[in-house]
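Here are a few exercises to work through with the model open in your viewer. Try each task before you read the solution under it.

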Amino acid sequence: MALKGHPDKAAIAPARRTLAWGVLAEEGDAAQVVRFATGDRSVSFPLHAFKRWEFKLGTPDTLTIRIEDETVTVQGHGLAVVRDALDAGALLILRAKPGRLPSSPPGETTVTGITFAVANQ
């Protein structure tokens, strides 16, 4: 939701699309930073630091993201949607909700884990 100012002026902040697994920029807007949120911490990276990402379909799905000298590994179900959001430069926040994979309805995107590690050189 955009912050509202005066009715005759544009919104102060762009509107966002909030989903159970994260937040996307509105159509036509681009992310500058991507935040990865787990239960006890959040880590943000500037989008220009992203080098590559690789999606592997499986049980669970795995999305491996290389950011500067770190590797972020995302696991869950239906992660092709997250990959597509990265491709479009629209991913603002990605949230993990551990333990939800077995009870998730088919086709629903869920993120069950996000880990951070120093990348192999």
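**Exercise 1. Find out whether Phe50 is buried or exposed, then describe how its ring meets that of Trp53.**

Solution. Keep in mind that this is a predicted model. Start with accessibility: Phe50 has a relative accessible area of 10%, and the cut-off for buried is under 20%, so Phe50 is buried. Do the same for Trp53, which comes out at 26% and is therefore partly exposed. Now look at the rings. Their centres are 6.2 Å apart, with 75 degrees between the planes of Phe50 and Trp53. Edge-to-face needs an angle over 60 degrees, so this pair qualifies.

**Exercise 2. Search the whole structure for aromatic pairs and work out which residues the ring pairs link into a cluster.**

Solution. The search turns up 4 aromatic pairs. Take Phe36 and Phe116: this pair is edge-to-face, at 6.3 Å centre to centre and 80 degrees between the planes. Next, place the two residues on the chain. Phe36 belongs to strand S3 (residues 33–37) and Phe116 to strand S9 (residues 110–118), so the pair links distant parts of the chain, 80 residues apart. Both Phe36 and Phe116 are buried. Finally, follow the ring pairs from residue to residue, and you get a cluster of Phe36, Phe45, Phe50, Trp53 and Phe116.

**Exercise 3. Find the residues that touch the most other members of the largest nonpolar core, and the elements that give two or more residues to it.**

Solution. This core holds 23 residues, and those touching the most other members are Phe36, Ile65, Val72, Val74, Leu91, Leu94 and Ile114. Then sort by element: S3, strand S4 (42–46), strand S6 (61–67), strand S7 (70–77), helix H1 (80–88), strand S8 (91–95) and S9 each give two or more residues. Now zoom in on Val72. Setting aside neighbours within four places in sequence, its contacts include Phe36, Phe45, Ile65, Ile114 and Phe116. Don't stop there, though: a second, separate core of 5 residues includes Val23, Ala25, Leu92 and Ile93.

**Exercise 4. Work out which residues of H1 are buried, and where they sit around the axis.**

Solution. Pick out the buried residues of H1 first: Val82, Ala85 and Leu86. They span an arc of only 100 degrees around the axis, so they lie on the same side of H1. The spacing fits a general rule: an α-helix has 3.6 residues a turn, so residues three or four places apart point the same way. Turn to the other side of H1, and Asp87 and Ala88 are exposed. What covers the buried residues? The cover includes strand S2 (22–25), S5, S6 and S8. Step past the end of H1 and you reach Gly89, with a positive phi near 70 degrees.

**Exercise 5. List the salt bridges in the whole structure and check how exposed the partners are.**

Solution. There are 2 salt bridges to find. In one, the side chains of Arg83 and Asp84 meet at 3.0 Å, N to O. Arg83 is partly exposed at 26% relative accessibility, and Asp84 is partly exposed too, at 39%. Another joins Glu54 and Arg52 at 3.9 Å, N to O; the cut-off is within 4 Å. Here Glu54 is partly exposed at 42%, whereas Arg52 is exposed at 51%. Go back to Arg83 for one last detail: its charged end sits over the ring of Phe55, 5.0 Å from the ring centre.

**Exercise 6. Find the cis peptide bond, and say where Glu68 lies.**

Solution. Check omega: at about 5 degrees, the bond between Thr59 and Pro60 is cis. Pro60 is in the loop between strand S5 (50–56) and S6. Then check phi for Glu68, which is positive, near 50 degrees, in a residue other than glycine. Glu68 lies in the loop between S6 and S7, and is partly exposed at 42% relative accessibility.

**Exercise 7. Write down the order of helix and strands along the chain.**

Solution. Count the elements: 1 helix and 9 strands. Reading along the sequence gives β-β-β-β-β-β-β-α-β-β. As for burial, buried residues make up 36% of the 121 residues.

Note on methods
Residues numbered from 1 in each chain as written. Heavy atoms only, no water. Buried < 20%, exposed > 50% of the residue type's maximum accessible area, 1.4 Å probe, protein only. Phe/Tyr/Trp six-rings, centres within 6.5 Å; stacked < 30°, edge-to-face > 60°. Helix = DSSP H or I, 4+ residues; strand = E, 2+ residues; numbered from the N terminus. Lys NZ or Arg CZ within 6 Å of the ring centre and 35° of its normal. Core = buried A, V, L, I, M, F, W, Y, C linked by side-chain atoms within 4.5 Å. Contact = heavy atoms within 4.5 Å. Arc of directions from axis to C-beta.
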